[in-house]
Amino acid sequence: MAELLRRTEQDCVWLLGHSEGAIIATMLAEREDVCGIALLAAPGRNVGDLFREQVASQPLIAPSAEAFDIALEEFAAGGTPDLSGLHPGLHSLFAPQTARYMRDLIAANPGDLLAATTAPVLIIHGDGDVQAPPSEAAPLVAARPDSEAHVLSGMTHVLKRAIPRDQAPSNEAFTQASLATYADPNAPLHEGLVPLLTQFITGSAPAETTAPAPAPTPVQSDSK
């Protein structure tokens, strides 16, 4: 941050955190040289609890849910869990190289961290997100009632457009459509995302868009 301030010759910087990065941005937001923070697809609750829900809700890895609970509890306590009963896709969460980071992340309470900040806050979730659904905004908005919060129709965890959960024919179809955006490098960012970020940082109204998608639906906006 010191380097950004030096290069820009500004008094403060804007922070943007996505997913787990939103927790890190919130930790930094206590600094006086932060203009404001934008939290995208941010966890609103303990990350360990969110991980457990994600594992239990995904058909491919759900059979590992019980073993994952045991492994995560042991890992959070500083131990080295047995990963033999876990789906291989879950092993990276317990990698020794990132163990300290993951333990700090699991111990964090996003709402408590956000409540300790005073900088302006923008919170954006998407109802196409299978990892951090719009319900994750509630604890964050409760921690900072003056924050500006929005839900973008169909936006997935990687900030691209799929289908909203309530329009999918089944939970499986919703999950498949959402996850498909992770592997599509040609899919653009959700058309509602950048205008909201621009409005937040500059204080200007978002430009008109000709996209056929529905406009963002605010869940709370009482900072204006």
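## A pocket and two residues

The largest pocket in this structure has a volume of about 630 Å³. Its lining is made up of 27 residues, and the closest to the pocket's centre are Q54, Q58, I61, L90 and Q131. Two elements give two or more residues each to this lining: α3 (47-57) and α8 (171-180). Helix α3 provides the largest share, with five residues. Sorted by character, the lining residues are 15 nonpolar, ten polar and two charged. Keep in mind as you look around that this is a predicted model.

Now let's visit two single residues, Y182 and E148. Here is how they compare in place and accessibility.

| Residue | Location | Relative accessible area | Class |
|---|---|---|---|
| Y182 | loop between α8 and α9 (193-202) | 33% | partly exposed |
| E148 | strand β4 (residues 148-152) | 3% | buried |

Why does E148 count as buried? Its relative accessibility is 3%, and buried means under 20%. Y182, at 33%, is partly exposed, because that class lies between the 20% limit for buried and the 50% limit for exposed.

Which residues does Y182 touch, leaving aside its neighbours within four places in sequence? They are V130, Q131, H157 and V158. You have already met Q131, as one of the residues closest to the centre of the largest pocket. C12, on the other hand, is 170 residues from Y182 in sequence, and their C-alpha atoms lie 33 Å apart in space.

E148 has a partner too: its side chain is joined to that of H150 by a polar contact of 2.8 Å.

Key
Residues numbered from 1 in each chain as written. Predicted model: local features only at pLDDT ≥ 70, side-chain atom pairs only at ≥ 80, totals over all residues. Heavy atoms only, no water. 1 Å grid on protein atoms, 1.4 Å probe; cavity = no way out; pocket = protein on both sides within 12 Å on 5 of 7 lines; lining within 4 Å. Points joined across faces, edges and corners; volume = space filled by probe spheres on them. Helix = DSSP H or I, 4+ residues; strand = E, 2+ residues; numbered from the N terminus. Nonpolar A, V, L, I, M, F, W, Y, C, P; charged D, E, K, R; others polar. Buried < 20%, exposed > 50% of the residue type's maximum accessible area, 1.4 Å probe, protein only. Contact = heavy atoms within 4.5 Å. Polar contact = N/O pair within 3.5 Å; in protein donor to acceptor, adjacent residues only side chain to side chain.
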